[in-house]
Amino acid sequence: MVETITIFVLAIFVGYYVVWGVTPALHTPLMAVTNALSSIIIVGAMIQTVGLPVLGVDANVQFQSINVVSVLGAIAVFLASINIFGGFAVTARMLEMFKPKQKKKEG
Amino acid sequence: MEFIRDYADWFYLIGAVLFILTLRGLSGPKTAIAGNRYGMIAMAIAVLTTFFVADHPVIWMIVGAMILGAIVGIARARTVPMTQMPETVALMHSLVGLAAVLIAIAAIIHNNKLVELGPELLAANGISFHEMSKVHLFELFVGCFVGAITFTASVFAYGKLAAKKWAKTISGGWVKPVQALIFIAMLGFGIHFFLSGSMTSFWAMTALALAFGWVWIAPVGGGDMPVVVSLLNSFSGWAAAGIGFTLENNMLIVAGSLVGSSGAILSYIMCKAMNRSIINVLFGGAMGGAAAPTAGAGEQVQRNYRSGSADDAGFLMSNADSVVIVPGYGMAQGRAQNAVKELANLLKEQGVTVRFAIHPVAGRMPGHMNVLLAEADVPYEDILEMDEINSDFPATDVVLVIGANDVVNPAAKDDPNSPIYGMPILEAHKARTIMVIKRSMATGYAGLDNDLFYNDKTMMVFGDAKKVVEDMTKAINGTGH
């Protein structure tokens, strides 16, 4: 327990110092990418998208794929995936705009 | 395959480090693209590892859900206009919140089902199972209620930012007691669930948390949305960390903490830029408390201001040596960024120095203006933050304010009675000439009149931001040839 809390507290400090280093011009991409990062909860969603053991007729335990837990998990996987793919893609799109471009000739 | 399962924590560690590098990359536009890629790699590592960690995963459901999510997410990411980024980000926060709630519910039902089946039976069949401890229940309860609040609050913020009709700002004396009541009831059911494991309490707690998210954010006004969006960003991180504690997964904890502190810092920056405390923003109502006496002070004295045409303004600017453009929410609303860029380019061709000045709370989310200008191809070096440009205003010939109001209100500097007194502003009033593009003389979000508009040096140009800027460009083109 104390190990997880240690990691938690240290990670907050790391986050604090790293985020202060982010240039204000990139605050919108920062929010988009942190959205993608917090969608790491997809790991939790995947762990729930599992077969549930049920008692079969011959008193054997079998795994049932479609059950209330796996359906909830799969919906969570879906939601988190929207964020992961959408978050990284929209961040990449924005950062592309910030890239110094070669001057186009006009007229 | 056993290998991956045995060393899963190591893979998650690599992922966590890459996540830190992702944020580190955002210190500059050049390193940011690589940083974003680190994030993608980290996510891929985490997802692949989890396939081996999960106990009897239903692969087709997971992969199917991922593909569907990818289609929806990428389609949205490709097509969303940059002016709609604030509401898009709010919507994304809501998805994280909802996912956290669903995971918490699934985890509890999962636990209950296994308990029903009996640990002995499971053990006899070689399935390892540990009933959730009190600590786990507590962590789950935290993850669930933070997720639930994030979900409904973000949905409301989305509605507000997208100007949906259902997202009505609520106000009145009943709001605070109701907020307090719901919050206390939520905690009460949460504690009862924690002590007794009663599912009824769990459902009640979740429902109340959902309700609380809504009534909590609904009284906050549109101008304060940058703070709210940043704060919900932070919340989505804490929800992920909460789930990470339940699963004892360090990568979730690290990622959640990074996002949590990122959002907290952004909220702090936004609050500081408005000279308000977070408590004031969230529980002070829509600035109504402070602004009401001013507005209610009877009929206001009709004050004189000077208005001019876009042609005159264009002429003045083309004859200036230096022009500073101050964009605000009005530029986003009028989708004027491309027209503004055309104007800036034309002025530059005429030998005028053109720069942009960005206030931290300009727009509806942190960095909103920067993204719009970047989209319109305005060079990164031409865009300056408040602290960088403020000392240059006295030597500036023309300041062009486009749809900004409170961020250039001199009352913040010299009127101690003003509700925004003490807020740092862009000192546009120090320039030789000020031009303000506005739809009308209506007040800004703070509901305050702006002395800048009545300044002798100020010329008001009324109309739609895009139209006016285009007219200015035309006028300069006309005189130039």
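The following exchange goes through several assignments in this predicted model and the values behind them.

Student: What makes B:Arg355 and B:Asp392 a salt bridge?
Tutor: Their closest N and O atoms are 3.0 Å apart. The cut-off is 4 Å between a side-chain nitrogen of Lys or Arg and a carboxyl oxygen of Asp or Glu, so the pair qualifies. A search of the whole structure gives 10 salt bridges over all chains.

Student: Which parts of chain B does the pair B:Arg355 and B:Asp392 tie together?
Tutor: B:Arg355 is in strand β2 (residues 353-358) of chain B, and B:Asp392 is in the loop between α18 (386-389) and β4 (398-402) of chain B, so the parts tied together are 37 residues apart in sequence.

Student: Why is B:Arg355 called partly exposed?
Tutor: Its relative accessible area is 22%. Buried requires under 20% and exposed over 50%, so a value in between is called partly exposed. B:Asp392, at 25%, also counts as partly exposed.

Student: How do you know whether B:Glu427 is buried or exposed?
Tutor: B:Glu427 has 10% relative accessibility and counts as buried, because the limit for buried is under 20%. B:Glu427 forms a salt bridge with B:Lys430, with the closest N and O atoms 3.0 Å apart. B:Lys430 is partly exposed at 39%.

Student: Which residues are linked with B:Glu427 in a network of salt bridges?
Tutor: The network links B:Lys413, B:Glu427 and B:Lys430.

Student: What makes B:Lys467 and B:Asp471 a salt bridge, and where do they lie?
Tutor: The N to O distance is 3.1 Å, which is within the 4 Å cut-off, so the pair counts. Both residues lie in helix α20 (residues 465-480) of chain B, four residues apart, about one turn of the helix. B:Lys467 is partly exposed at 48% relative accessibility, and B:Asp471 is partly exposed at 22%.

Student: How do you know what the span of helix α10 of chain B should be?
Tutor: The expected span is 1.5 Å times one less than the number of residues. Helix α10 (residues 225-247) of chain B has 23 residues, and its first and last C-alpha atoms are 33 Å apart, close to the 33 Å expected.

Student: Why is α10(B) described as largely enclosed by the rest of the structure?
Tutor: Of its 23 residues, 21 are buried, so the description follows. After α10(B) comes B:Glu248, which has a positive phi near 50 degrees.

Student: How many disulfides does the structure hold?
Tutor: The count is zero over all chains. To be listed, a pair of cysteine sulfur atoms would have to be within 2.5 Å. As for cysteine accessibility, B:Cys144 is buried at 0% and B:Cys271 is buried at 5%.

Student: Which elements of chain B have the lowest and the highest mean pLDDT?
Tutor: Helix α13 (residues 288-295) of chain B has the lowest, 40, and helix α4 (residues 59-79) of chain B the highest, 95. Over residues 286-299 of chain B, pLDDT stays under 50, and the model has 11 contacts beyond four places in sequence for this stretch. Chain B has a mean pLDDT of 87, with 94% of its residues at 70 or more. For the complex, the predictor gives an ipTM of 0.91 and a pTM of 0.88.

Student: What does UniProt list for residues 5-99 of chain A?
Tutor: An unreviewed UniProt entry lists "domain: NAD(P) transhydrogenase alpha subunit C-terminal" there. In the model, residues 5-99 of chain A are 69% helix and 8% strand, with end C-alpha atoms 39 Å apart.

Definitions and conventions: Residues are numbered from 1 along each chain as its sequence is written. Chains are lettered from A and ligands numbered from 1 in the order in which they are written. This is a predicted model: local features need pLDDT of at least 70, side-chain atom pairs count only at pLDDT 80 or more; totals for chains, interfaces and linings use all residues. Side-chain values use heavy atoms; hydrogens and water are left out. Helices (H or I, at least four residues) and strands (E, at least two) are DSSP runs, numbered from the N terminus. Buried means under 20% relative accessible area, exposed over 50%, partly exposed in between (1.4 Å probe, protein chains only). pLDDT is the predictor's confidence in each residue, from 0 to 100. Contact means heavy atoms within 4.5 Å. UniProt positions are given in the numbering used here, feature names are shortened, and annotations may be inferred rather than shown by experiment.
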